[in-house]
Structures are given as structure tokens and as C-alpha cells.
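Thanks, everyone; I would like to use my few minutes on charged side chains and the partners they find. Please have the sequence and the model open while I talk.

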Amino acid sequence: MGQTADRRPWLSIRDSGPGIPEALLEAVTQRFQRAADQRISGSGLGLSIAVEIAERQQLNMRLSNRPEGGLEVRLVWQRPMA
């Protein structure tokens, strides 16, 4: 957790899984989209639901792969702290 230069709070969530291929990072936030070759069951709705919730709460959600492996989800508030 921290604050951007313009005083907007952010929260980072990290895992140590396989990550998501760079070319699919944006696509997997759409409904029914899943990263290819994933051996995990699911419908491909989880990240699209998370994006919708974030937007309703005035948060920006960004996905990125961690250099040491795994995925990072960063939530950034759209408004600065008072």
C-alpha cells in the first residue's frame, strides 16, 4: 500500500503463480477470457467481475507480471486523499 505522486492511494496484491502471458494481460479482464494453457478450471469471469467492482468504487485496476514470477494486481484510487 502506498500513495502516488499526486496523493492517490494504491494497494497491490501479488501472487507467486505462473503469471499471465504479456499479450493476454488486458484480454483476461474481459468476460469469458482465460489465459491459454492454464490447467485451472473456471469460466473466465473472475477478473472481469473484479474490474467492474473496482470501477464502481472509483478504482483503476492494472495487472502486471512480476519479474520474479507471479502476478501483481494494483488498485489505484481515482481521487487524491484529502
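Let me go straight to the side chain of Glu 72, which makes a polar contact with the side chain of Ser 12 at 2.5 Å, and I should say at once that this is a predicted model, so please take each distance as a computed value. The side chain of Glu 72 also makes a polar contact with the side chain of Arg 74, here at 3.5 Å.

Where does Glu 72 sit in the fold? Its place is in strand 4, which covers residues 71-77.

Is Glu 72 buried or exposed? With a relative accessible area of 14%, Glu 72 is buried, because the cut-off for that class is under 20%. If we leave aside residues up to four places away in sequence, Glu 72 touches Ser 12, Ile 13 and Arg 14, and also Arg 62, Leu 63, Ser 64 and Arg 66.

Now to the charges. As a general matter, side chains of opposite charge can pair when their charged atoms come close. In this model Glu 72 forms a salt bridge with Arg 74, and the closest N and O atoms are 3.5 Å apart. Arg 74, at 25% relative accessibility, counts as partly exposed, whereas Glu 72 counts as buried. Salt bridges that share partners join Arg 14, Glu 72 and Arg 74 into one network.

How many salt bridges does a search of the whole structure find? The search finds 5, and I will describe two others besides the one I have just shown.

One of them is in helix 1, which spans residues 46-56 and holds both Arg 56 and Glu 52, 4 residues apart, or about one turn of the helix. Their side chains meet in a salt bridge with an N to O distance of 2.9 Å. Arg 56 counts as exposed, because its relative accessibility is 66% and the class begins over 50%, while Glu 52 counts as partly exposed at 37%.

The other joins the side chains of Arg 8 and Asp 6, which meet in a salt bridge at 3.1 Å, N to O. Asp 6, at 42% relative accessibility, counts as partly exposed.

To come back to where I began, the residue I would ask you to keep on your screens is Glu 72, which is buried, has a polar contact with Ser 12, and belongs to one network with Arg 14 and Arg 74.

Key
Residues numbered from 1 in each chain as written. Predicted model: local features only at pLDDT ≥ 70, side-chain atom pairs only at ≥ 80, totals over all residues. Heavy atoms only, no water. Salt bridge = Lys/Arg side-chain N within 4 Å of Asp/Glu carboxyl O. Buried < 20%, exposed > 50% of the residue type's maximum accessible area, 1.4 Å probe, protein only. Helix = DSSP H or I, 4+ residues; strand = E, 2+ residues; numbered from the N terminus. Polar contact = N/O pair within 3.5 Å; in protein donor to acceptor, adjacent residues only side chain to side chain. Contact = heavy atoms within 4.5 Å.
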